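Hi everyone, thanks for making time today. I'd like to walk you through a structure that will be new to most of you, so please have a look at the screen.

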Amino acid sequence: MAILNFCFSSCVLLLLLTFSCRTSTGLPVPERTLDAENCARCSLLFKSLLLNITELLKNVSRDVLCFGITSDTMVVRSQTDTVLACSPNLTQNSGCMMLRNSSFNESECLKNIMKDLAHYAAAIQSYLNSPLRSPVEEVALLSPTLGIIKSLRKNCSLMPNGEKDSSEDDTAQMWGTDTFSNRQEMCKIMKGFEIRTITINRAMGYIASGDYRN
């Protein structure tokens, strides 16, 4: 009888261990991606964002945001892996350490894009809350950009409430009381944002093509 009980207990323990392993391992969670309709809508929104920034820098901001600033220096955010994560599948090249040889990950690409948008939205909003040379004109100039970013974060994020970036809380610290210095920095940031938005639009075109799914 003791032997029978021992065998029964051993079988139960084995079954529990097997169930535990299967439960902990489980099936891979499918990656969240944009469906065709949302992808098309988001691509249009990103194109609209690029046109908005380009127009802002080429025309209006010359007399408002970048007034009196002659430097062509730009600041491109470097705390995300957007450029790397959103690159098409590439083969390894010994002459370039940045090339990827892993599969393109749409979810990871979009996650980094949303982090960029969160950062730039926070930078613009905190700038508008700082001392301004021409408050009415600068608010009117940058508010449409904020509106497009808000729409993108609401409709194109794979996360229910969008992505919050850890650097959002730090952006308010970059502005002082000198309106010229603030405008100079904001002008450089917007020039960098234009370059990053070009990269994002290329990534969205790659996602829309679906080539990486082949």
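I'll start with the overall layout, then go through the disulfides, the salt bridges and a patch on the surface.

One thing to keep in mind from the start: this is a predicted model.

Let's begin with the layout. The protein has six helices and zero strands. Reading from the N terminus, the order of elements is simply α-α-α-α-α-α. There are 214 residues in the protein, and 40% of them count as buried. As for the outside, about 12800 Å² is exposed, with carbon and sulfur atoms supplying 58% of that area. How do the contacts spread along the sequence? If we take contacts between residues at least 6 apart in sequence, 80% of them join residues at least 24 apart.

Now to the cysteines. How many disulfides does a search of the whole structure find? The answer is three. As a quick reminder, a disulfide is a covalent bond between the sulfur atoms of two cysteines.

Let's take them in turn, starting with Cys42 and Cys156. Their sulfur atoms are 2.0 Å apart, and the link is left-handed, with -105° about the S-S bond. Cys42 belongs to helix H2, residues 36-58, while Cys156 sits in the loop between helix H5 (135-155) and helix H6 (179-209), so this disulfide ties together parts that are 114 residues apart in sequence. Are these two cysteines buried or exposed? Cys42 is buried, at a relative accessible area of 0%, and Cys156 is buried too, at 1%.

Next come Cys66 and Cys187, again with 2.0 Å between the sulfur atoms. The torsion about their S-S bond is about 105°, so this disulfide is right-handed. Here, too, distant parts of the chain are linked: Cys66 is in the loop between H2 and helix H3 (82-85), Cys187 is in helix H6, and they are 121 residues apart. Cys66 has a relative accessible area of 10%, which makes it buried. Cys187, at 2% relative accessibility, also counts as buried.

That leaves the disulfide that joins Cys86 to Cys109, with an S to S distance of 2.0 Å. Which hand does this one have? With a torsion of about 110° about the S-S bond, it is right-handed. Cys86 lies in the loop between H3 and helix H4 (106-128), and Cys109 lies in helix H4 itself, so the bond ties together parts that are 23 residues apart in sequence. Cys86 is buried, with a relative accessible area of 7%, and Cys109 is buried with 0%.

If you count the bonded cysteines along the chain, the pattern of disulfides reads 1-5, 2-6, 3-4. One cysteine to point out separately is Cys39, which is in no disulfide; the nearest cysteine sulfur belongs to Cys42 and is 7.1 Å away. Cys39 counts as buried as well, at 6% relative accessibility.

Let's move on to charges. Side chains of opposite charge can pair when their charged atoms come close. In this structure there are two salt bridges.

One is formed by Asp116 and Arg196, with the closest N and O atoms 3.0 Å apart. Where do these partners sit? Asp116 is in helix H4 and Arg196 is in helix H6, so to speak a bridge across distant parts of the chain, 80 residues apart. Both Asp116 and Arg196 are buried.

The other salt bridge pairs Glu185 with Lys188, and here the closest N and O atoms are 3.6 Å apart. Both residues are in helix H6, three residues apart, which separates them by about one helical turn. Glu185 is partly exposed, with a relative accessible area of 25%.

Finally, the surface. Which residues make the nonpolar patch of about 210 Å²? They are Met74, Val76 and Ile195. Ile195 is placed in helix H6, and at 36% relative accessibility it counts as partly exposed.

To wrap up, helix H6 has come up several times along the way. Cys187 is in this helix, Arg196 is there as well, and so is Ile195 of the nonpolar patch. Thanks for listening, and please do rotate the model and find these residues for yourselves.

Methods:
Residues are numbered from 1 along each chain as its sequence is written. This is a predicted model: local features need pLDDT of at least 70, side-chain atom pairs count only at pLDDT 80 or more; totals for chains, interfaces and linings use all residues. Side-chain values use heavy atoms; hydrogens and water are left out. A disulfide is a pair of cysteine sulfur atoms within 2.5 Å. Helices (H or I, at least four residues) and strands (E, at least two) are DSSP runs, numbered from the N terminus. Buried means under 20% relative accessible area, exposed over 50%, partly exposed in between (1.4 Å probe, protein chains only). Patches are made of residues with over 30% relative accessible area and no salt bridge: like charges are joined within 9 Å, nonpolar side chains (Val, Leu, Ile, Met, Phe, Trp, Tyr) within 5 Å. Accessible areas come from the Shrake-Rupley method with a 1.4 Å probe; for residues, only the protein chains shown count as cover. A salt bridge is a side-chain nitrogen of Lys or Arg within 4 Å of a carboxyl oxygen of Asp or Glu. Contact means heavy atoms within 4.5 Å.
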